[in-house]
Amino acid sequence: MTTAPLDRTHAQFRRGEATPLRFANVLTVEFRKLLATRANQVLALLTLGSALVVAALIVAFYDTLFDGAANHWLVGAFLIRMPVQYLFAPLIVLLLTSEWGTRSVMTTFTLVPRRGLIMAAKGIVTAVTTLVVWGLVAGLGVASTYLGRDVAGMDTAGMWIPAKDVALDLLAFGLFMASAFAIALLVQNSAAAIAIVLVGPMAVQILRQFGQWMNEAFAWIDMNGVAQQMQMGGDPGLWPQLLVASVVWVVLPLVAGIWWTSRREAA
Amino acid sequence: MITIQNLTKRYGDVLAVDDISFTVSPGNVCGFLGPNGAGKSTTMRCLVGLAEPTSGTATVLDHRYHDLTSPAAQVGTMLDASALHPGRTGLEILTQGAIVLGLPRTRVREVLDLVGLTAKESKRRVAKYSLGMRQRLGIAHALLGSPSVLVLDEPANGLDPAGIRWMRGLLRDFVSRGGTVLLSSHLLHEVQQIADELVMIGQGRIVAHGTLAELLASGDDLEEMFITRTASTSREGALS
């Protein structure tokens with residue numbers, strides 16, 4: 001190690017002349033954090049890779065998978081989204097929880113003491129990347145359905161892409177990622193948050209299998225299942241269940257998470 | 001200027017910091033000395049807004065940390081070498097800090113040179129760093145914004161003798177230009193070599209406070225003073 005030089009640029013201390021923090025800078029750094037570690041980079045690559053692999057398999061085996069299926073864009077998109085959402089949701093969780101787990105939250109909150117700015121920036125990163133990943137899945141869904149039908153010798157003209165189905169699909173995907181964000185913000189532990197986000201909805205869907213009463217009762221907290229039902233059947237009567245389930249899985253943990261993150265001692 | 005005024009921090013039944021008051025003036029290195037669990041880190045966390053005091057105030061540059069224009073640019077903080085994300089590279093951590101503070105990227109190279117981390121070392125993930133390298137990275141991060149105040153928790157931890165000498169030179173130069181330093185340690189020998197004044201804390205209470213000359217003028221050996229006064233506080237706490 002050198003014993004010299006000392007900081008030549010230290011000539012002027014910032015005695016109250018410092019430039020205020022800009023939210024744009026905070027947001028830039030939060031985007032960088034998404035892919036700044038090897039674990040996150042691997043998850044991102046797996047997300048992308050799984051989408052491409054499933055899309056390729058759909059093209060190669062469309063007639064085997066979907067013999068008789070309608071020429072609807074969701075046919076491919078549904079299948080592609082399955083591995084994607086289970087790989088992308090942990091990435092969102094880690095954006096929030098890894099800093100608490102590694103104590104680097106001390107560095108983050110001394111750089112930006114107003115914790116609301118950090119939470120808002122992470123929220124925007126989540127929203128933007130969710131939209132991008134959904135767009136990728138949707139685009140691959142359309143392309144793989146079209147190509148799959150073409151390769152299989154099926155009719156490709158007049159593929160259905162109704163605006164309502166697009167909106168519902170985006171809503172379903174967005175709600176799932178919003179729940180990942182909210183639960184991670186509240187729980188602040190990577191393993192626990194990932195378990196709750198991925199296993200919680202599955203557990204609810206399993207419980208709905210045990211009879212009519214259980215099916216109807218647990219529909220009120222089955223956000224993913226209800227959203228999927230609405231896409232497939234377009235049942236307008238399920239909106240109240242989706243709303244209540246969204247409050248349970250997104251709104252409540254988000255409010256509690258914001259409150260807790262604002263107050264918790266960073267140590 | 002750092003001002004701690006009647007600061008108290010309680011966690012349930014545990015009184016981690018018990019009504020402490022002291023001031024650190026510009027141009028001084030203040031050694032905040034105490035055994036493990038004495039309340040040093042808790043006090044520093046209250047000072048930089050990571051913990052909320054139960055009562056009392058902790059201000060820096062006459063403001064609460066949150067109320068400074070750009071807190072990390074005006075107050076350089078290093079509270080724990082493990083507060084650097086192990087999955088990120090040293091370069092990435094400093095770059096993120098520079099971006100948040102609105103600094104040019106050249107500042108990253110400057111602080112790396114200042115603390116003696118090479119370009120190659122900076123591109124390694126922090127998980128691969130030795131403790132000394134993490135300390136140097138933490139100090140580099142604290143210096144990013146050219147602050148006028150440094151709050152350092154056990155900064156010499158993990159540094160070899162050459163590193164401790166380097167840090168002493170850095171801090172002496174810093175205060176000679178009017179900077180203010182509060183550094184904590186549980187090693188009296190290390191603090192004696194760097195600090196102008198000492199605040200000794202034991203079981204959350206200040207047990208001695210003054211310049212080195214004042215404390216030595218009392219005739220007591222500093223080490224003996226440190227051991228007996230912090231231990232006596234502990235015994236009083238156990239009896240009450």
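# Reading a two-chain predicted model

Q: Let's start with one residue. Is B:Glu154 buried or exposed?
A: B:Glu154 is buried, with a relative accessible area of 15%. The reasoning needs one cut-off: a residue counts as buried when that area is under 20%. Keep in mind that this is a predicted model.

Q: Where does B:Glu154 sit, and what is its phi?
A: B:Glu154 belongs to the loop that joins β6 to α7 in chain B. Its phi is positive, about 50 degrees, although B:Glu154 is not a glycine.

Q: Which residue of chain A, other than glycine, has a positive phi near 60 degrees?
A: Look at A:Gln188, a residue other than glycine whose phi is near 60 degrees. You'll find A:Gln188 in the loop between α6 (163–187) and α7 (190–207) of chain A. A:Gln188 counts as buried because its relative accessibility is 5%. For a glycine, try A:Gly153: just after α5(A), A:Gly153 takes a positive phi of about 80 degrees.

Q: How do I read the sheet in chain B, and what is its strand order?
A: Walk across the strands one by one. This open sheet has six strands in the order β5-β6-β7-β3-β8-β9, and the pairing is mixed. Its edge strands, each pairing on one side only, are β5 (75–78) and β9 (205–211) of chain B. On average, neighbouring strands of this sheet are turned by 15 degrees against each other, direction ignored.

Q: In which sense do β6 and β7 of chain B pair?
A: Strands β6 (residues 149–153) and β7 (residues 180–185) of chain B run parallel, with five bridges between them. To find one on screen, pick B:Val149: its bridge partner in β7(B) is B:Thr180.

Q: Which helices of chain B lie across these strands?
A: Take helix α6 (residues 131–143) of chain B, which lies across β5 and β6 and runs at about 165 degrees to β5(B). Helix α7 (residues 161–176) of chain B lies across β3 (29–33), β6 and β7, at about 145 degrees to β7(B).

Q: What does chain A look like by comparison, and how many helices and strands has it?
A: Chain A has 10 helices and zero strands. Its C-alpha trace spans about 75 × 45 × 30 Å along the principal axes. Of the 267 residues in chain A, 47% are buried.

Q: How do I check the length of helix α5 of chain A, and what span should its 37 residues give?
A: Count 1.5 Å a residue: the 37 residues of helix α5 (residues 115–151) of chain A should span 54 Å, which agrees with the 53 Å between its end C-alpha atoms.

Q: Which backbone oxygen does the side chain of A:Thr129 reach?
A: A general idea comes in here: an α-helix has 3.6 residues a turn, so residues three or four places apart point the same way. In this structure, A:Thr129 lies in helix α5 of chain A, and its side chain reaches the backbone oxygen of A:Val125 at 2.6 Å. A:Thr129 is buried, at a relative accessible area of 12%. Beyond four places in sequence, A:Thr129 contacts A:Phe31, A:Leu34, A:Phe88 and A:Ile92.

Q: Which residues does B:Arg45 touch?
A: B:Arg45, in helix α1 (residues 40–47) of chain B, counts as buried at 12% relative accessibility. Leaving out residues up to four places away in sequence, B:Arg45 touches A:Glu265, A:Ala266 and A:Ala267 in chain A, plus B:Tyr11, B:Leu50, B:Ala51 and B:Leu79.

Methods: Residues are numbered from 1 along each chain as its sequence is written. Chains are lettered from A and ligands numbered from 1 in the order in which they are written. This is a predicted model: local features need pLDDT of at least 70, side-chain atom pairs count only at pLDDT 80 or more; totals for chains, interfaces and linings use all residues. Side-chain values use heavy atoms; hydrogens and water are left out. Two strands pair if DSSP finds at least two bridges between them. Helices (H or I, at least four residues) and strands (E, at least two) are DSSP runs, numbered from the N terminus. Axes are lines fitted to C-alpha atoms, for helices over the stretch in contact, and angles run from 0 to 180 degrees between N-to-C directions. Contact means heavy atoms within 4.5 Å. Buried means under 20% relative accessible area, exposed over 50%, partly exposed in between (1.4 Å probe, protein chains only). The expected span of a helix is 1.5 Å times one less than its number of residues. A polar contact is a pair of N or O atoms within 3.5 Å; within protein, one must be able to donate a hydrogen and the other to accept it, and residues adjacent in sequence count only if both atoms are side-chain atoms.
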